Amino acid sequence: MKILVAVKRVVDYNVKVRPKSDGTGVDLNNVKMAINPFCEIAVEEAVRLKEKGVATEIVVVSVGDKGCQEQIRTALALGADRGVLVETDAELQPLAIAKLLKGVVEKEQPGLVILGKQSIDGDNNQTGQMLAALTGYAQGTFASEVVVDGDKLNVTREVDGGLQTLTLKLPAIVTTDLRLNEPRYASLPNIMKAKKKPLDTLTPADLGVDPAPRVKTLKVEPPAERQAGIKVKTVAELVEKLKNEAKVI
Amino acid sequence: MSILVVAEHDNAAIKGATLNTIAAAQKIGGDVAVLVAGQGCAAAGQAAAKVPGVSKVLVADNAAYAHQLAENISLLVAELGKDYQHVLAPATTNGKNFMPRVAALLDVAQISEITDVVSGDTFKRPIYAGNVIATVQSTDPIKVITVRATGFDPVPAEGGNAAVESVGSVQDAGISSFVKEELAKSDRPELTAARIVISGGRGMQNGDNFKLLYAVADKLGAAVGASRAAVDAGYAPNDMQVGQTGKIVAPELYVAVGISGAIQHLAGMKDSKVIVAINKDADAPIFQVADYGLVADLFEAVPEFEKLV
């Protein structure tokens, strides 16, 4: 079975981003970029399925500017076989990304598509579900366990209050949650090998998709700051304040 | 304008987050209809009809909707949603699961986890783990929106008397099926609905020590949460996680015990009315957002706190 994994280039999770002072966007000058953590989990899951003999080929796809090649190479170093970049400098929103990925799904015909549940920049949590709707495939979002069983997929999902297990008809779309696996580190020989793996480039026009945004960002601003309060010296003082000052207990 | 709110419910009753979502709908303004889709969900439909300000309740009662399978629910919501200008659902794991599918079926964007309504087409939502608040405007004819419950005070559950209509449409995609559900059973309130939340972090040192927090919680009628560090270390199950990738809570009182205050965690609790931090590290970032900070060894402070409250 061929697995398609989508990865996104995002600001590294250790970077604390700030809005630009004029409120037109987030200041991304000279910040470190990385593969979105949930996408890294998606790559790892595909590699594990290949190691188990379930998957035969892993194709990794990213959508965005040239810089995304870096994240595709990271995924190739982790064990993906070849890469596809849908290259565009346009501002991309989840619906457009899902349409572009649908185009790649039609070309590649994977048996399973794995994506991260959300990216840590836009925090939208939409692309996998939208891709599932556009392809008409079943979806297993927020997955903590994925088991391929013939032409079916059993997926355990992290839902409010616990876990839910579904059976999906393949091909299907899976989005990863944090506890699905712990991604490995790429070894130096694998990083070197990844440089020689094939990486094809497509454009939105090749896939017949207009990626124009549907949502305009009017303004970005920092969240309301919370003022630090006071330090209390004893537990008794704390309880007294909560009862008489804050009146919450 | 007319707005369709997709209720979160357990067939017997509607869940609290539905009331916050109806509040968001009322802030947009217009006629608010509520859809209750499930199996054997007539009681939940009746409960929705009692919410003041709801003009009608649509009940879609069919086996196809029994476990809120996204493939089936999204087809139903997209079919009904065509007649509305806004389709709203709570940003619970369930709402997050089916709503983007609805948006794609309608060929419109989804606006995720709004925390405020500026106008009928303009909304505020947090991005970058809550480090940035974006004001966004939709250019689509139908606005598909998920609502972060903590951004809106809930409307009352009782006082209205809306008409209840049954929806005959049966949408069964036939590509997914429910196997099982393992939900944590607890006598304590649900994390996102609790008036008081007490959470433990890596400072708890092991899962067994969480019993100190349970003792306080049982005395105060509180829910117990955990930081991602505590969940990753295996001290607490995942569904207790408070933070950007876990539950977003905004209780009257939030007590953070042995939690350093990583950005990730703050994103999930910083809208709480009163925050208490108990930590032995006086420089822990959690003290920068706490109304009351106590620098102390939690293993002494928490049992004493339990005795005094």
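Two residues are in contact if their C-beta atoms, placed from the backbone, lie within 7 Å. Helices (H or I, at least four residues) and strands (E, at least two) are DSSP runs, numbered from the N terminus. Angles run from 0 to 180 degrees between N-to-C directions, with axes fitted as lines to C-alpha atoms, for helices over the stretch in contact.

This is a predicted model, where local features need pLDDT of at least 70, side-chain atom pairs count only at pLDDT 80 or more, and totals for chains, interfaces and linings use all residues. Residues are numbered from 1 along each chain as its sequence is written, and chains are lettered from A and ligands numbered from 1 in the order in which they are written.

**Exercise 1.** Trace the open sheet of six strands and find its edge strands.

*Solution.* Start with pairing: two strands pair if DSSP finds at least two bridges between them. The order is 13(A)-16(B)-15(B)-14(B)-12(B)-13(B), with parallel pairing. Next, look for strands that pair on one side only: these are strand 13 (230-232) of chain A and strand 13 (223-226) of chain B. Finally, the twist from one strand to the next averages 20°.

**Exercise 2.** Zoom in on strands 12 and 14 of chain B.

*Solution.* Strand 12 (residues 196-200) and strand 14 (residues 253-257) of chain B run parallel, joined by five bridges. Here B:Ile198 sits opposite B:Val255. Now add helix 5 (residues 210-220) of chain B, which touches strands 12, 13 and 14 of that chain and makes about 175° with strand 12.

**Exercise 3.** Place helix 6 of chain A.

*Solution.* Helix 6 (residues 235-244) lies across strand 13 of chain A and across strands 15 (274-279) and 16 (292-295) of chain B. With strand 16 of chain B, the angle is about 170°.
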